[in-house]
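Visitor: I'd like to learn how to read a protein model feature by feature. Could you walk me through one?

Guide: Happy to. Let's put it up and start.

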Amino acid sequence: MSKVLNWIDTLFFGVRRIFTAGVELPERPALNFVGAVVTDNPAENRTDVFIPGVWLISPVVTTTYTARPGELVRVNTHDPVTVRLPSAAGNAGAEIVVKEVAGEEEALEVIASTGQQIARVGGSYVTIRLICDGATWIVI
């Protein structure tokens, strides 16, 4: 029953319980991300938090996927996959790595938020590393 009440509490009142090293922190009316870039992403119904030097690891991707700043996107499929990049605006210095982990020869395509093709490669265990300069994503 308490799990249901916690879910309802979070649903209607936002983030209420924050844990660090397994210890619950006191309830606060706001979260402060020091040194992080926080952007609203209504298209994906989420808030993106980019903390420099911290990598987010995505689930294994098998279809079209929208990457987040600072994310390692793992692709595992026999079919072509498209990875969409977030807007470059407000993401200067952010990195995204796209890695094919299946060992297949499928096509891997990286598309900017404007629809511009950034990279298209095929091959086993391909890695595409991108960095944002605030105006565009650049393949490293």
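Visitor: What share of the contacts in the chain with a separation of 6 or more comes from residues 24 or more positions apart?

Guide: Keep in mind that this is a predicted model. Residues 24 or more positions apart make up 42% of those contacts.

Visitor: And how many helices and strands am I looking at?

Guide: The chain has one helix and 13 strands. Going along the sequence, the helix leads and the strands follow, in the pattern α-β-β-β-β-β-β-β-β-β-β-β-β-β. Of the 140 residues, 31% count as buried. The accessible surface is about 8800 Å², with 56% of that belonging to carbon and sulfur atoms.

Visitor: How do I read a sheet? In what order do the strands of the open sheet come?

Guide: Look at who sits beside whom, rather than at the numbering. Here five strands line up as S5-S7-S9-S12-S13, with mixed pairing. Strand S5 (56-61) and strand S13 (137-139) each have a single partner strand, so one side of each has no neighbour in the sheet. From one strand to the next, the twist averages 20°.

Visitor: Which way do the paired strands run, parallel or antiparallel?

Guide: Take the pairs in turn. S7 and S9 run parallel, joined by four bridges, and Val 75 has Glu 100 in S9 as its bridge partner. S9 and S12 are antiparallel, over five bridges; there Val 97 is partnered by Arg 129 in S12. S12 and S13 are antiparallel too, with three bridges, and Ile 131 stands opposite Ile 138 of S13. The hairpin of S12 and S13 has four residues between the strands, and in it Gly 134 takes a positive phi near 95°.

Visitor: How do I tell the two faces of a strand apart? Which residues of S12 are on the covered face, and which on the uncovered one?

Guide: In a regular strand, side chains alternate between the two faces of the sheet. On S12, the covered face carries Ile 128, Leu 130 and Cys 132, while Thr 127, Arg 129 and Ile 131 make up the uncovered one.

Visitor: What about the core? Which residues have the most contacts inside the largest nonpolar core?

Guide: Val 73, Val 98 and Leu 130 do, in a core of 22 residues. S7, strand S8 (81-84), strand S9 (95-100), strand S10 (107-111), strand S11 (117-122) and strand S12 (127-132) each supply at least two of its residues. S12 gives the most, with three. To see one core residue's surroundings, click on Val 98: beyond its sequence neighbours within four places, its contacts include Val 73, Val 83, Leu 108 and Leu 130.

Visitor: Can we try a loop residue? Where is Ala 67, and is it buried or exposed?

Guide: Ala 67 lies in the loop between strand S6 (65-66) and strand S7 (71-75). Buried means under 20% relative accessible area, and Ala 67 is at 0%, so it counts as buried. Setting aside neighbours within four places in sequence, Ala 67 is in contact with Arg 46, Val 73, Val 83, Arg 84, Pro 86 and Ile 96. The C-alpha atoms of Ala 67 and Pro 86 are 6.5 Å apart, though the two are 19 residues apart along the chain.

Visitor: And a charged residue, Glu 71? What does its side chain meet in a polar contact?

Guide: Glu 71 is in strand S7 and is buried, with a relative accessible area of 0%. Its side chain makes a polar contact of 2.8 Å with the side chain of Tyr 65.

Key
Residues are numbered from 1 along each chain as its sequence is written. This is a predicted model: local features need pLDDT of at least 70, side-chain atom pairs count only at pLDDT 80 or more; totals for chains, interfaces and linings use all residues. Side-chain values use heavy atoms; hydrogens and water are left out. Buried means under 20% relative accessible area, exposed over 50%, partly exposed in between (1.4 Å probe, protein chains only). Contact means heavy atoms within 4.5 Å. A nonpolar core is a set of buried Ala, Val, Leu, Ile, Met, Phe, Trp, Tyr and Cys residues joined through side-chain atoms within 4.5 Å. Two strands pair if DSSP finds at least two bridges between them. Axes are lines fitted to C-alpha atoms, for helices over the stretch in contact, and angles run from 0 to 180 degrees between N-to-C directions. A polar contact is a pair of N or O atoms within 3.5 Å; within protein, one must be able to donate a hydrogen and the other to accept it, and residues adjacent in sequence count only if both atoms are side-chain atoms. Accessible areas come from the Shrake-Rupley method with a 1.4 Å probe; for residues, only the protein chains shown count as cover.
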